[in-house]
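Here is a short guided tour for anyone who likes to check a model by its geometry. Please keep the viewer open as you read.

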Amino acid sequence: MKCFSNEKYFLADRIDLEVRTLENSSGGKWNVDLYLERIGMERPEKPDRAYLDRLVESHLIHIPFEALDLYTGRAEISQNLDVLFEKVVLNKRGGYCFELNKLFQFLLKSLGYDTYPCVCRVQRGEEASRGITHRGNIVRLEGSRFFCDVGFGSAISRGALELVPDVRQKTGTDVLWFEPYGEYWFDLFHLPQDLVNEDGRITRGQAMRELRICIAEAEEQDYEIFNAITSGPNAVFRKMLMVGRMTEDGTMSINADKIFSRVTGNRKIHRQLKDDAELWRVLEENFGIVL
């Protein structure tokens, strides 16, 4: 879809006004340069697709997915932007979707991207719709929409994904694509690469429906409710350990059974963590997390 010239200038003026408003109203903690330093990035010459892909990947590499505050009973999950910035950027922690994708959307806007949050259903192979428990981001860019997610428990895309149906998109070693679901939803399918295990066995990648994404714009107050439910007394994150991040050449994770796994290229190794002392050591050495 192409814009008439007056529409294009109007959009540029609106984004510039949003950026200046965000920077002037975000309070004392928000600092774009500190955020970019946290993820090893520089300010863009222009907010284009190439920079967006790099931004998503660098965020996934430097900031892990984790809900350790809930798992340890240490703290509740706030939706206050200053609290999130202090936790993730200043204190070098990770977070889960309602934290990381909120921060990331604010960063995108501050850098000049036209973006809005979207609600998602975590399907994990299921065809019937599951409850809304996930926050993502959509970026309007170059006449198209792109899905950006830096807060999914098992990160599946190293860059932005164009929201077009039935087009295979390769990011890193995996292949992803969208299929329409009704008028305002898209299903995101993921085909991971084959993996060679330590004993030589090959785990074949199986295509799976990962997410059901709504392209309609959601409001911040919606996420206050979703976050309260997802982090509530019966939340899975209070009962189950889940930590993960991307690396330059693969992924690292710790699962509910306290098994530490690392994928490098197409090879996977893992080991059982023997006690909490080893768990905290692995968290610090491999994920940069110190509680």
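Which residue stands opposite Asp 174 in strand 7? Thr 171 does, and the sections below place that pair in its sheet.

## Reading the model

This is a predicted model, in which local features need pLDDT of at least 70 and side-chain atom pairs count only at pLDDT 80 or more, while totals for chains, interfaces and linings use all residues. Residues are numbered from 1 along each chain as its sequence is written, and side-chain values use heavy atoms, with hydrogens and water left out.

The pLDDT (the predictor's confidence in each residue, from 0 to 100) averages 91 over the protein chain, and 90% of the residues score at least 70. Residues 1-21 stay under 50, and the model has 11 contacts beyond four places in sequence for them; contact means heavy atoms within 4.5 Å. Where pLDDT is low, the predicted coordinates should not be read in detail.

## The sheet of 8 strands

Helices (H or I, at least four residues) and strands (E, at least two) are DSSP runs, numbered from the N terminus. Two strands pair if DSSP finds at least two bridges between them. An open sheet of 8 strands follows the order 5-4-3-2-11-8-7-6, and its pairing is antiparallel. Strand 5 (161-162) and strand 6 (169-171) are at the edges with a single partner strand each, so one side of each has no neighbour in the sheet.

Strand 6 is joined by 3 bridges to strand 7 (residues 174-181), and the two run antiparallel. Helix 7 (residues 220-230) lies across strand 2 (114-122) and strand 3 (132-141), at about 35° to strand 2. Here axes are lines fitted to C-alpha atoms, for helices over the stretch in contact, and angles run from 0 to 180 degrees between N-to-C directions.

## The sheet of 7 strands

A second open sheet, with mixed pairing, has 7 strands in the order 1-12-13-14-15-9-10. Its edges are strand 1 (65-66) and strand 10 (202-203), each with a single partner strand, so one side of each is left without a neighbour in the sheet.

Strand 1 runs antiparallel to strand 12 (residues 243-247), with 2 bridges joining them, and Phe 65 is opposite Gly 244. Helix 9 (residues 276-287) packs on this sheet and touches strand 12, strand 13 (250-254), strand 14 (259-264) and strand 15 (267-272), making about 155° with the direction of strand 13.

## Helix 6 and its partners

Helix 6 (residues 97-110) packs with helix 7 at an angle of about 160°, their axes 11 Å apart. That makes the two helices roughly antiparallel, a label for angles over 145 degrees, whereas under 35 is roughly parallel, 65 to 115 roughly perpendicular and the rest oblique. Phe 98, Lys 102 and Gln 105 of helix 6 meet helix 7 residues including Tyr 223 and Phe 226.

Helix 5 (residues 81-90) packs against helix 6 at about 100°, with axes 10 Å apart, and is therefore roughly perpendicular to helix 6. Among the residues in this contact are Leu 84 and Phe 85 of helix 5 and Leu 103 and Phe 106 of helix 6.
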